Amino acid sequence: MTKAAAQADHAAEPTRRDFIHIATGGMAVIGGALVLWPFIDQMNPAADTLALASIRIDISPIAEGQEITVMWRGGPVFIRHRSEREIEAARAEALEALPDRLARNDNLPDNAPATDENRSAASIEGGSAAFLIMRGNCTHLGCVPLKEAGDYHGWYCPCHGSHYDTSGRIRRGPAPENLSVPPLRFVTETEVQIG
Amino acid sequence: MSGPSTYEPKTPFTRWLDARLPIVRLGWDSFVDFPTPRNLNYWWTFGGILAVFLMIQIITGIVLAMHYVPHVDYAFDSVERIRRDVNYGWLIQAMHANGASFMFLAVYIHMFRGLYYGSYKQPRELLWILGVVIYILMMAAAFMGYVLPWGQMSYWGAMVITNLIGALPLVGDAIREWLWGGFSVGNATLNRFFSLHYLIPFVIAGVVILHIWALHVPGNGNPDGVEVKGKGDTLPFHPYYTVKDAFAIVVFLILFAGFVFFAPNVLGHADNFIEADPLITPAHIVPEWYLLPFYAILRAVPDKLGGVLLMFGAIGVLFVLPWLDTSKVRSMRYRPLARWFFVFFVIICLLLGWCGAENPDDLVFKLGYDAAGNETGFSFLWLARIGTAYYFAYFLIILPLLGFIEKPKERPASIEAAVLGDAAPKPAE
């Protein structure tokens with residue numbers, strides 16, 4: 001009782017010096033945090049790195065059944081001109097059979113389902129279902145999957161054995177997500193802008 | 001253990017210096033007259049060996065940085081130029097690359113020494129923890145250093161490891177982009193890895209000083225695990241252990257020189273002689289040998305985040321080891337059960353390393369054929385899973401329980417008694 005009373009008494013009478021101590025310490029902490037931020041943020045992508053974020057590709061020379069890999073933002077992007085059979089195979093799959101049921105398409109809302117229509121270039125104004133354009137890094141640990149390989153005849157990642165189908169959707173293996181579709185825009189009928 | 005200082009300055013200059021900066025006194029008390037248990041065996045020489053190798057890495061590294069160019073367009077060529085054109089570059093580069101391997105070899109022996117002789121136990125918990133911090137810093141330095149030559153294995157190793165961080169929920173992608181300084185492993189990544197690779201060894205040197213400081217408060221442990229009780233238990237560090245350490249260092253350096261001069265590339269990987277290509281992944285990505293057991297643990301779990309957590313957990317468990325081992329007996333010399341579990345633990349660590357080097361789906365041995373005619377049998381994946389289970393069980397189940405179950409053997413009364421047997425002077429009672 002007396003001890004608690006003494007503490008209350010003490011707390012009731014902060015001195016001018018107490019205030020100065022706390023205020024000075026508080027300012028030092030805030031100042032330190034403010035100084036720290038530039039030294040953390042400098043490691044994020046620089047302005048010129050961000051400015052280099054879009055490229056334009058002429059897709060007319062890509063024949064049916066052919067695939068090219070272009071470099072965008074330092075990594076591979078697959079552009080595949082799919083055959084009728086590949087498209088049919090991709091469309092025949094029930095959504096329930098997919099480990100990842102989201103389209104992972106930057107041009108669509110986050111919750112868009114992983115139908116082939118939502119993944120192919122048909123999801124973009126001016127694009128056709130024949131073209132599939134997606135990032136070429138496995139969603140497991142970033143290796144580049146091999147085309148026309150694996151149990152689903154889409155892509156196969158040799159690093160840890162992930163199988164993707166002809167729509168670039170993960171079917172089997174450790175990868176958690178479908179290969180994602182980057183931001184796309186058709187400038188003309190045959191020229192696509194990535195980013 | 002460190003008693004009053006016995007240093008006596010003999011010249012006017014050392015007396016003058018001692019009154020102003022007693023640095024000679026510090027060295028004398030730490031490395032000349034420091035009382036050290038008289039029964040230390042050669043497993044205790046690896047601390048000294050590690051100190052030598054840290055210096056080798058720093059000196060060769062500073063020299064290599066004079067010739068290396070941290071830019072994606074020049075890095076690979078500049079390393080080849082060091083190996084071919086720079087005067088003695090072939091030697092210095094080989095010393096640096098093999099030095100990393102030998103430092104890990106020494107640190108693993110040093111750590112197994114600590115595990116066997118209970119060096120982590122009270123009152124040396126903090127000494128052990130500082131050692132684990134050094135080990136983690138070594139792995140960070142080795143990983144970033146491996147990226148610098150910008151070969152295929154450099155690039156894809158960096159890609160795989162940075163993508164592990166992307167597995168963290170919510171913040172993973174942001175942290176990964178922050179580490180990369182771009183949208184993929186690129187020039188910004190190479191530059192910052194070079195900067196940090198140059199920094200970390202000096203941080204290690206700082207923690208090593210703390211490690212030695214924390215060693216010199218309770219003093220060395222020893223193979224019998226009984227604490228120093230009197231003057232008969234110790235010898236001055238110099239000349240007894242300076243000479244013993246020096247001999248071990250020379251033997252270890254002979255082995256090192258064998259690799260540097262006759263097999264400088266056998267510990268490396270052929271794919272790293274191909275320049276980094278962001279569009280082509282090598283068929284089989286493997287880390288350097290000293291990280292293979294952790295790579296095996298990472299791949300033992302089918303879940304990406306689970307694998308990452310387990311891998312970091314495998315190192316993290318070392319931090320709490322002093323509180324997991326419940327046995328009062330320090331040295332496994334006197335722990336008849338624990339020593340067998342320890343031997344098995346060492347074997348498991350080596351097996352996990354083997355699993356890390358192999359394709360997880362390949363078979364260790366085959367048992368027959370399935371309906372489709374494919375070979376079936378026991379795969380490396382399952383060997384890695386068993387190994388991972390034992391690795392964690394050793395720390396989390398076996399060591400905590402053994403302290404209650406095991407009946408330890410009788411321990412010697414003192415270090416002196418352990419060394420001299422019946423010849424030891426009887427305690428005056």
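Q: How far is the sulfur of B:Cys355 from the closest cysteine sulfur, and which residue holds that sulfur?
A: This is a predicted model, so every distance here is computed from predicted positions. To find a disulfide, look for two cysteine sulfur atoms within 2.5 Å. The sulfur of B:Cys355 is 12 Å from the closest one, in B:Cys349, and that is too far for a bond.

Q: Is B:Cys355 buried or exposed?
A: The cut-off for buried is under 20% relative accessible area. B:Cys355 has 2%, so this cysteine is buried.

Q: How many disulfides are there over all chains, and which residues are joined?
A: The count comes to 1 disulfide over all chains. The bond links A:Cys143 and A:Cys159, with 2.2 Å from S to S.

Q: What is the angle about the S-S bond of A:Cys143 and A:Cys159, and is the link left-handed or right-handed?
A: The angle about the S-S bond is -100°. The link of A:Cys143 and A:Cys159 is left-handed.

Q: Which parts of chain A does the pair tie together?
A: Find each cysteine among the strands. A:Cys143 sits in the loop between strand S4 (131–135) and strand S5 (146–149) of chain A. A:Cys159 sits in the loop between strand S6 (154–157) and strand S7 (162–164) of chain A. The pair therefore ties together parts that are 16 residues apart in sequence.

Q: Are A:Cys143 and A:Cys159 buried or exposed?
A: Both are buried.

Q: Where is the nearest cysteine sulfur to A:Cys138?
A: The nearest one belongs to A:Cys157, 3.8 Å away. A:Cys138 is in no disulfide. At 5% relative accessibility, A:Cys138 counts as buried.

Q: What does the secondary structure of each chain come to?
A: Count helices and strands chain by chain. Chain A has 5 helices and 10 strands. Chain B has 15 helices and 4 strands.

Q: What radius of gyration does each chain have, set against a compact globule?
A: Take the value for a compact globule with the given number of residues, then look at the chain. For the 429 residues of chain B, the globule value is near 22 Å. Chain B has 24 Å, which agrees. For the 195 residues of chain A, the globule value is near 16 Å, but chain A has 27 Å.

Q: What box do the C-alpha atoms of each chain fill along the principal axes?
A: For chain B the box is roughly 80 × 60 × 45 Å. The C-alpha trace of chain A spans about 85 × 40 × 30 Å.

Q: How many of the residues in each chain count as buried, as a percentage?
A: In chain B, 49% of the 429 residues are buried. In chain A, buried residues make up 40% of the 195 residues.

Q: What part of the contacts with a separation of 6 or more comes from residues 24 or more positions apart?
A: In chain B, such residues account for 77% of those contacts. In chain A, they account for 49%.

Q: Which residues touch B:Asn98, not counting residues up to four places away in sequence?
A: Start with the place of the residue. B:Asn98 is in helix H5 (residues 89–116) of chain B. B:Asn98 has 2% relative accessibility, so this residue counts as buried. Its contacts are B:Phe256, B:Phe259, B:Val260, B:Ala263, B:Pro264 and B:Leu267. B:Phe259 is 161 residues away along the chain, yet the C-alpha atoms of B:Asn98 and B:Phe259 are separated by 7.2 Å.

Q: What covers the buried residues of helix H4 of chain B?
A: First list what is buried in the helix. In H4 (residues 75–84) these are B:Ala75, B:Phe76, B:Ser78, B:Val79, B:Glu80 and B:Ile82. Their cover includes helix H3 (46–65), H5 and helix H9 (187–216) of chain B.

Q: Is B:Lys328 buried or exposed?
A: B:Lys328 has a relative accessible area of 76%, so this lysine is exposed. B:Lys328 lies in the loop between helix H12 (304–324) and helix H13 (338–357) of chain B. The C-alpha atoms of B:Lys328 and B:Gln122 are 9.4 Å apart, with their positions 206 residues apart along the chain.

How values were computed
Residues are numbered from 1 along each chain as its sequence is written. Chains are lettered from A and ligands numbered from 1 in the order in which they are written. This is a predicted model: local features need pLDDT of at least 70, side-chain atom pairs count only at pLDDT 80 or more; totals for chains, interfaces and linings use all residues. Side-chain values use heavy atoms; hydrogens and water are left out. Helices (H or I, at least four residues) and strands (E, at least two) are DSSP runs, numbered from the N terminus. The radius of gyration is taken over C-alpha atoms; the globule rule is 2.2 Å times the number of residues to the power 0.38. Buried means under 20% relative accessible area, exposed over 50%, partly exposed in between (1.4 Å probe, protein chains only). Contact means heavy atoms within 4.5 Å.
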